[in-house]
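The following paragraphs lead the reader through selected parts of one structure. The discussion begins with a single side chain and then moves to helix packing.

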Amino acid sequence: MQFYLDGYRPGDPFVEQPHPSVADRPDRLPETADVVIVGSGPAGLVLAAQLAAFPELRTVVVDRRDGPLAVGQADGVACRTIEMFEAFGLADQVIREGYQVNEVTFWRPDPAEPSSIVRTGRIEDVEEGLSEMPHMIVNQARMLAYLRDHMRRSAARAEPYYGLHAENVTVDADRDAEFPVSVTLRHLRESEPTGETSRIRAKYVVGCDGSRSATRAAIGRELHGDATDHSWGVLDVLAVTDFPDIRLKSAISSEHGSLLLIPREGGHLVRLYIELDNARDAEMLREGTVTPDKLAAVANRILHPYTIDVRHVGWWAVYEIGQRLCSRFDDLDETSDETASPRVFIAGDACHTHSAKAGQGMNVSMADAWNLGWKLGAVLRGISRPELLRTYSAERQAVAQRLIDFDREFTTRFSARDDDTDPAEFQRYFREQGRFTAGVAVRYEPSMITAPPQHQDLATGLEIGMRFHSAPVIRLADAKRVHLGHAARADGAWRLYLFADPLHPADPASRLRALCEILGSPGSPLARFGPEGAEPDAIIDVLAVLQQEHRGVSVADLPPVLLPRKGPFGLVDYEKAFCPDPGADVFDVRGLDRARGAAVLVRPDQYVAHVLPLDASDELAGFLSGVLCEQPSRRTATNPAPA
């Protein structure tokens, strides 16, 4: 991470200087806001953290609770979510504190003694090379704490407002008014109404308020789907057991039910997802007399001949499996004019619910929020046209539908105890679905921000519509081994990765150099779409990967656009050029065309938007002009282009 751009100052460099507008903001709830976020769960706080990158915007987060969540429900953090947290600068905290899931074991009835279980398989949890990030287990409350800390350190100095229940959301008939959305907030203290209400007007409202979302109801959306007749108990426990795989993720199916065992952070805590039998456990389900002791007894029944002695319960719950989904994730309808802009959105459990066993709820909710967050930031800052916001529902509703379909099959297979079922079948299914559960299987369809795969052959391992799959490289300026994808921050910028042709970057015939000269010209996309006074990489960040070994080229050989001047002192950014890592050459591992090179355009949420030849600058500009707004020149006297 870079800092001191505006001058050296002592103290923690990861705490940004507050934006000037912060001093003028009252502590009380404001009357107007650019964005009101209802709910401070995973979706709400990822959205707030992304919008905190744009401190000139006024973002208000409200939550009906009295304070931050103390004990969370979700705990599985997929590889893709860790990649996302890296963009916020938070991945190291998650990895340091959490339990890393490395392998999964499978247990089935012992053929010789069916009332007992035996281990039938053991596989890697994450496919080799799927991501540079691991699958982690961290309590949801801790994930939210990381995000709140990030918001406090940001220039926005953002904090949620607690004890406020959004009981009504209305949109004016004039949707183009400055603040067309009105939110009525009922004040609560210890979950009880105080009799006081407030109203805040906003440009946009996002309901991240859970499966009983008042925001969803206000825009006339409903969750459609079915509940099954299967109930599951969840226990977070400290326990003593003779079960040998207590520190491995284990999928257990016995004659007495199914159990998913998830080790937790700290070396001792473990989570048990316990299937409750409709016959044997009917009484306590019907009468609502489930207790942690009764759930532990069911767990012991399933684990036979092993036992688990629960010494302490950290958290527990009972839930019924159901898969439900909204048809749209915004307030537009199918008859809306194509130029109409949505004003109210829903995300996370407010628009899709499913079981917890596949570990997707928190992860998909956070991905919803990141998808929406950069788009809201771009539209509100005048970087992109309002129709960009229509892509949120189109993209994320399709992802949620795939999640619902997966969850329905996964839960059915998990609970299956057919004597004729091959014990290896579920293991094969688990392995095959690993890309989905890791969060890296999402593919967005062509749209205004995702191009057709016309030039996909130039970069076969960086598929358009899928997340930018990082790879190790060596940074040219300081010879540091880094991951290429980690150059991207959650700052709302597009990334243009230029994978060079074989010629030396100083060679006048180099395709890379020719494109960089165009990008550095006054009429280039960098100048056309960059607001006046903005840093040269604020909207489109240009990075290059050369084919030469890092000791065979110098920063002096780079074209000026790869050495941008930034900040009030016109300092040079030396972190835009990279070379292959001999141990895993990015050109080989990502299928890049060495002869022609490639330009890979990546969205602010790290999904590949386009793959182009290095000599297709007009095509690149044409695509960007369909997304970004023309801006006044951003060149200023205090921030000149490098000579």
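**Local contacts and helix packing**

A polar atom of the Q548 side chain lies 2.9 Å from the backbone oxygen of P502. The model is a predicted one, and every distance discussed here is computed from it. The side chain of Q548 also has a polar atom 3.4 Å from the backbone oxygen of L503. Q548 itself belongs to the loop that runs between β22 (540-545) and β23 (565-566). Is this residue buried or exposed? Its relative accessibility is 14%, and because the cut-off for burial is under 20%, Q548 counts as buried. Neighbours within four places in sequence aside, Q548 is in contact with P502, L503, H504, P505, V553, C579 and P580.

A second loop residue, Y607, is found between β26 (598-602) and β27 (608-612). Y607 is buried, and its relative accessible area is 6%. Beyond its neighbours within four places in sequence, the contacts of Y607 are R80, V442, Y444, G465, M466, R467, F468, L601 and V602. Along the chain, Y607 and G361 are 246 residues apart, and their C-alpha atoms are separated by 20 Å.

Two of the residues that Y607 touches, V442 and Y444, lead to the next site. When neighbours within four places in sequence are left aside, V399 is in contact with V442 and Y444. V399 is part of helix α9 (residues 390-415) and is buried, with a relative accessible area of 6%. From V399 to M143 the C-alpha separation is 23 Å, for a sequence separation of 256 residues.

Another contact of Y607, R80, leads to helix α2 (residues 79-87). How many of the residues of α2 are buried? The helix is mostly covered, with nine of its nine residues buried. These are C79, R80, T81, I82, E83, M84, F85, E86 and A87. The buried residues of α2 pack against α1, β3 (76-77), α3 (91-97), β7 (135-137), α4 and α8 (361-380). After α2 comes G89, which has a positive phi near 75 degrees.

Among these partners of α2, helix α8 can be described in detail. The axes of α2 and α8 come within 10 Å of each other and cross at roughly 40 degrees. The two helices are therefore oblique to each other, and α2 passes α8 in a left-handed crossing. On the α2 side the contact involves R80, T81, M84, F85 and A87, which meet N363, M366 and W370 in α8. By residue class, this contact divides into five nonpolar, two polar and one charged.

The packing partners of α2 also include α1 and α4, and these two helices meet one another. How do the axes of α1 (residues 42-51) and α4 (residues 140-153) cross, and within what distance do they come? They come within 9 Å and cross at roughly 20 degrees. Because angles under 35 degrees count as roughly parallel, α1 and α4 are roughly parallel to each other. The crossing of α1 past α4 is left-handed. Its contact is formed by P42, L45, V46, A48 and A49 of α1, together with Q140, L144, L147, R148, H150 and M151 of α4. The residues of this contact comprise eight nonpolar, two polar and one charged.

How values were computed
Residues are numbered from 1 along each chain as its sequence is written. This is a predicted model: local features need pLDDT of at least 70, side-chain atom pairs count only at pLDDT 80 or more; totals for chains, interfaces and linings use all residues. Side-chain values use heavy atoms; hydrogens and water are left out. Helices (H or I, at least four residues) and strands (E, at least two) are DSSP runs, numbered from the N terminus. Buried means under 20% relative accessible area, exposed over 50%, partly exposed in between (1.4 Å probe, protein chains only). Contact means heavy atoms within 4.5 Å. Axes are lines fitted to C-alpha atoms, for helices over the stretch in contact, and angles run from 0 to 180 degrees between N-to-C directions. Angles under 35 degrees count as roughly parallel, over 145 as roughly antiparallel, 65 to 115 as roughly perpendicular and the rest as oblique. A crossing is left-handed if the near helix is turned anticlockwise from the far one by less than a right angle, and right-handed if clockwise. Ala, Val, Leu, Ile, Met, Phe, Trp, Tyr, Cys and Pro count as nonpolar, Asp, Glu, Lys and Arg as charged, and the others, Gly among them, as polar. A polar contact is a pair of N or O atoms within 3.5 Å; within protein, one must be able to donate a hydrogen and the other to accept it, and residues adjacent in sequence count only if both atoms are side-chain atoms.
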